[in-house]
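Me: I'd like a close look at the place where the two chains meet. Could you walk me through it, bench-side style?

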Amino acid sequence: MFSTGFKYFFGVTVLSVVALIISLAFFDKLALAGVAISFLIGVGALLAGIAAATSDGTTRDANLDTTETTTQSMWPLVTGIGVVFVVLGLVTSSIVTFGGVVVLLAALSEWMVQAWSERASTDSSFNFSVRKRLLNPIEFPVLAAVGLGVVIFMFSRIMLSVDKATGAVLFIVAGALVLVAGALFAARPNMKRSVGASICVLGALGIGAGGIAGAVSGERKDLVEAAAEGHFTHAECGPEKSKYFDKGSEETLSLRSSALATVTYRDGELFVNIQGLKAEQKTLTVPRSNPSNIIFRNETEGKFRLVAHLGGKKDATDKSHSDETCTQLVEFGAEQSLTLNIPKSSGPDNTYYLFIAGAEEKQIAVVVP
Amino acid sequence: MLNKRRFAIVSSIGISALLTGCATNAPQDTWQPKGPNSKLIDDLQQPVFAVAGVIGLIVAVAVTYTIIKYRDRGQPIPEQIHGKPALEITLTIIPALILAVVAVFTFGAIFKLAKTDDTEMIINVTGQQWWWEYDYPVQNEYGITQPIITSGQLVMPVGTKVLLRETSRDVIHSYWIPALNGKRDAVPGRVHTLRLEADEPGIYAGQCTEFCGLSHANMRMEAVALSKEDFAKWVANQQAPYVSPAAGTLAKQGEEVFLNQCVRCHQVNGLTRADGTPAIAAPDENVWSGAAPNLSYFMTRNTFAGAMFDLLSKQCRDEVWNAPSDKIGAKYLEGVTEDCLNQKDLRAWLRNAPEVKPMYANPENLAVSNGKYRGMPYLALSEDDISKLVAYLITLK
Ligand SMILES: [Cu+2]
């Protein structure tokens, strides 16, 4: 009937057409992509025609009756899809190309093993078992990983879009459902396959639909705001705006055991505590050219941010002249770390100091020998 | 015949190994503690070694006896039994008890060595390929009102509980002055503490004990313990203002060469350019670790390049090292005088540093380190410039 070559080129053509339609719908700048894809359609169609007309240009060997043992194969089609994605990716995004390459490699290896196994003997059920023995150990883990990845991705979309309280409830419900399903499978080992399969499909559909809905509705408000404020980059040290930060991440053991000093803001004054020195200090010595962690502890009512002025001219109107790095707003009784890496010695022309944002007269001199 | 020769070889190896224990000039001998922390370790290792020695002896004698007594003389193989539970249990319990006793004392010592709350003075110690930097944070009770920075030789007061706060700028190094305490790794991004205390004034040698690349073997250090008065003098001198050489001298020309060639890596506190602006070194732009030794008071130290070379001539060095403990401080504080300067090694260093100390400083092979040197590069200085530089360096004290 349809020759292998025909299937392959037909796949390429159909997918290219689909790609063209999708591209036309979603991208404005299409000149190059349009030409490339149209070219692919033309070539694919031509080659598909030739392949069909000549039965792949082969005459079958009458002695070896392989037609009987060959099965229907979807790999030529999948290979075609891979090629289309690779080409499409070249003009859109490298991720698409990468996905295409993955599909292409998977399809080609499947195709290769299948073609090989079909020539193993004239017994098609034996050939099938040969194929299974070779490929199942790879297919199952890969498919399982992909499946898990999809589940995790979808679930994370859901959790990012609902608010925190709903998230907790959802998590409990999801856990309970998994437990119920597991208990059901365990209690009824002889359950009909179709029932089990339906449960799994239902679960997958639920997560998939939820995930898509979550992705469409976007991340919840506070996450979007926090990202817009730039909290995760410590970018801004000026007037206070921040509302959200992750306190937990600052309280790791490794950080505490590697701190150069603890800077405390108490009763409106800044103090430095250095391990080994009993008295509280008003200067902090920081080794040059080496990242050094300091811990900022706020013991004054309210929220404060510690800023390190690391050279440059301090200019109220144009902040770009001063190098500053800072903690986020730290609540009363809370702590946060700040990493200083100062490449140049301090001197009369370049002084470094720590201060509380908004109360710049409270300073701790930083000396770099 | 063959047996005799083999016996001779084995026994001569054994005897020479034994004889190395008699070396008198062994500055890094772990059996000669010179401070409370190393004494703590010594008090632990002496009895453990004794016990282990006795047990080792018993085992060796028993094995030898058995080998000789029951050697194969063609007698029939004795009856094979599975064993004697009572004996086996006893022989399991006894070593377990011995180890348990050792463990109790070991844990005690470990916790004592980890104490930091009785510290009297702190010094930041930073390792990099292949030298150690020391900086002394401001500590007014010792007269340290400006941070002090030095390299190679750690200077500390005797009878003072000093806490080293170690870290590294590139790879893992390990700080070890055997006479004063055990080893402690210096790990990038972490601060590890090590207690040091010396009973007597003296110079205590050590070396990096974590393989750190090409010149690991040349990464040495010395701890110089000074009496409290001598230490105060040292501190005062390390904060003395910079004095530029008089105009017209060779040293003044050396300062110019230094500004042109060396200041991009080496800081000399107080040094200014011709236009009066302070010369701030930029080792972060030139050296992979981001640091090069601060040379402000270079001639107050006795060694250079990771304590690999002596700044003092052989004779002057011996005078310091062999000085009795009450004189050594005064000798050390003299620093390097013109007569005592080890011109040969210092000139060789300035002429071509990578030739005398292996370093990754070939400009053609710096792709892996973003064009930055690991070590001091060859600077193609003329002999003239070298003389000027030496004349200038000798003023830095
Ligand atoms: Cu090292």
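Me: Let's begin with charges: which side chain does that of A:K344 meet in a salt bridge?

Reply: That would be B:D284: its side chain and that of A:K344 meet in a salt bridge, 3.0 Å from N to O (the rule wants a side-chain nitrogen of Lys or Arg within 4 Å of a carboxyl oxygen of Asp or Glu). Bear in mind that this is a predicted model, with local features needing pLDDT of at least 70, side-chain atom pairs needing 80 or more, and totals for chains, interfaces and linings using all residues. Residues count from 1 along each chain as its sequence is written, chains are lettered from A and ligands numbered from 1 in the order written, and side-chain values use heavy atoms, without hydrogens or water.

Zooming out a little, the rule finds two salt bridges across the interface of chain B and chain A. It also finds 11 residue pairs there in polar contact, both partners at pLDDT 80 or more (N or O atoms within 3.5 Å, within protein one a possible hydrogen donor and the other an acceptor, sequence neighbours counting only through side-chain atoms on both sides). On the chain B side, β1 (121-128), β5 (162-168) and α6 (283-286) are the elements that each give two or more residues to the surface touching chain A. β5(B) has the largest share, with four residues.

Now the overall footprint. 34 residues of chain B are in contact with 25 residues of chain A (heavy atoms within 4.5 Å). Together the two chains bury about 2,300 Å², with 49% of that on carbon and sulfur atoms (accessible area lost on joining, 1.4 Å probe, summed over both). Within chain B, the residues losing the most area to chain A are B:R165, B:R169 and B:I280, which together make up 20% of what that side buries.

A good residue to click on next is A:T285, which sits in strand β3 of chain A, residues 283-285. A:T285 counts as buried because its relative accessibility is 4% (buried is under 20%, exposed over 50%, partly exposed in between; 1.4 Å probe, protein chains only). Its side chain reaches over to chain B, coming to 3.4 Å from the backbone nitrogen of B:V138. Leaving aside neighbours within four places in sequence, the contacts of A:T285 include A:L260, A:V367 and A:P369 in its own chain, plus B:N124, B:D135, B:P137, B:V138 and B:P147 across the way.

One of those partners, B:D135, deserves a stop too. B:D135 lies in strand β2 of chain B, residues 131-136. B:D135 is buried yet has no salt bridge, and the nearest side chain of opposite charge, B:R169, is 5.8 Å away (Lys and Arg count as positive, Asp and Glu as negative; His and chain ends are not counted). You met B:R169 above, among the residues of chain B that lose the most area to chain A. Beyond four places in sequence, B:D135 touches A:T285, A:P287 and A:P369 in chain A, and B:I123, B:N124, B:I148 and B:I149 in chain B.

As for the chains behind this interface, chain A has nine helices and nine strands, and chain B has 11 helices and 12 strands (DSSP runs numbered from the N terminus: H or I of at least four residues, E of at least two). Of the 369 residues of chain A, 36% count as buried; for the 397 residues of chain B the figure is 45%.
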